Amino acid sequence: MAIAASGTRPTELIYDWNEVGRVGRVIPENIGFFDETLRDGLQNPSVADPNIERKLKLLHLMAKIGIQIADVGLPGSSQRAFEDVLRMCREVADNNLPLRVACAGRTVVSDITPMIEISQRAGIPVEIYAFIGSSPIRQLAEAWDVDLIAQRSAAAIDAGVKAGLPVAYVTEDTTRSRPEVLATLFKVAIDHGASRLCLCDTVGHATPDGVRNLINFTRAIVAGAGASVGIDWHGHNDRGLALENAIWALQFGADRVHGTALGIGERVGNAAMELILLNMKLLGLLEHQDLTHLLEYCTTAAQAVGWEVPINYPLVGRDAFRTATGVHAAAIIKAESKGDAWMADRIYSGVPAGMFGRKQEICVGYMSGASNVNYWLRQRKIEPSKELVDAILAKAKATDHILSEEEIQAAIELHRGRQA
């Protein structure tokens, strides 16, 4: 079959095994993304609490990348936290940002009251995320019983509902909690007016099988109560499964999934929001959502909390779209020479750089060929000669690293000096 050099379609150039066996749109369209960067993300022991200006900038970027709701903190934890949360809520209100706000607190009325006050002063609804541990190991450590947990939960939910605010009931360590305990607590939460149940993999215990079992169990409880209650999934990365679990959670029936920028969070972190969005985009579920600000969202978050992005981190890392390998570079260059930018962005990349505001980069190193050097020179308006290309390539082959801009320029100057 002849394939045009431009205007090509993915089905003509890429056979997608990911779609084999998928029936229709497995993940529904009305899913929501809940950003925990400014709350759960800040529990990472190695990050700094950003100043308010950086927090406000992050809120605007969340809105730009299509986040529906952001947790902006625990206003009951300190006066500074209260003031920051109030300022962020006012920023959302004053700028009509397409972003709802949520706050977290324990299932005690004294944690709920500051959220009610902030909502009234900012003039926007604040979604209350009231949390309490539910696993047997946590019950033993805290000397709690199920009746006490249920009583505290009911009182906190009642306080929020009475104020006219939506309340999400959060069971910490849900993935290690007994079904009979969860059934009791979920029914109490539903009876007292909770609009959402948040399932938490607090210590990163769950596998995809656990995600499926827990969400199916929760859906059955909700259906049995005849209630219209949403289901959140909140996952951590201790087994390295946070991203995978988040995607499976959406497929199994959660309608809102949590994440943080760059996956920052307690211990080894949470599901990475940018990678959730990236995968949803590549699955064709965010066709009209512009994610070209995703890189800025990540770099702003990294700067705000003092986080160093690993060089090999997907999408954001320095090397995410760089190659110095001769065969790879040659393939990209050949695609570009056909005038097919779509092909060039995908021939050696499963993630199209341009879709997310980046571009493919070809470097020169010890595994490079002449095509790398020719490309590098032409990108900088330097006409390559065979002698110059050979000189730079010889320099590259004699090193154990990718040549820097300065090293290549020095090789060019040395060659010119010898030719003079």
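**View 1. Surroundings of Y297 in the predicted model.** Leaving aside residues up to four places away in sequence, Y297 touches D35, T37, L58, L61, M62 and I65, and its further contacts are T260, A261, M273 and E274. Y297 is also among the residues with the most contacts inside the largest nonpolar core.

**View 2. The largest nonpolar core and another core apart from it.** The largest nonpolar core has 101 residues, and those with the most contacts inside it are F33, L59, Y169, W233, M280 and Y297. Helix 7, covering residues 179-191, gives this core its largest share, which amounts to 8 residues. Apart from this core lies another one, of 14 residues, including V373, L377, A396 and I412.

**View 3. Cysteines in a structure that holds 0 disulfides.** The closest cysteine sulfur to that of C89 belongs to C103 and lies 5.3 Å away, which is too far for a bond, because a disulfide requires a pair of cysteine sulfur atoms within 2.5 Å. C89 is buried, with a relative accessible area of 0%, and C363 likewise counts as buried, at 11% relative accessibility.

**View 4. The second largest pocket and its lining.** This pocket has a volume of about 420 Å³, and of the 23 residues that line it, Q360, E361, I362, Y375 and R380 lie nearest its centre. The elements that give two or more residues to the lining are helix 13 (341-344), strand 10 (361-362), helix 14 (370-379) and helix 16 (405-419), with the largest share, 3 residues, coming from helix 14. By class, the lining has 11 nonpolar, 8 charged and 4 polar residues.

How values were computed. Residues numbered from 1 in each chain as written. Predicted model: local features only at pLDDT ≥ 70, side-chain atom pairs only at ≥ 80, totals over all residues. Heavy atoms only, no water. Core = buried A, V, L, I, M, F, W, Y, C linked by side-chain atoms within 4.5 Å. Buried < 20%, exposed > 50% of the residue type's maximum accessible area, 1.4 Å probe, protein only. Helix = DSSP H or I, 4+ residues; strand = E, 2+ residues; numbered from the N terminus. Contact = heavy atoms within 4.5 Å. 1 Å grid on protein atoms, 1.4 Å probe; cavity = no way out; pocket = protein on both sides within 12 Å on 5 of 7 lines; lining within 4 Å. Points joined across faces, edges and corners; volume = space filled by probe spheres on them. Nonpolar A, V, L, I, M, F, W, Y, C, P; charged D, E, K, R; others polar.
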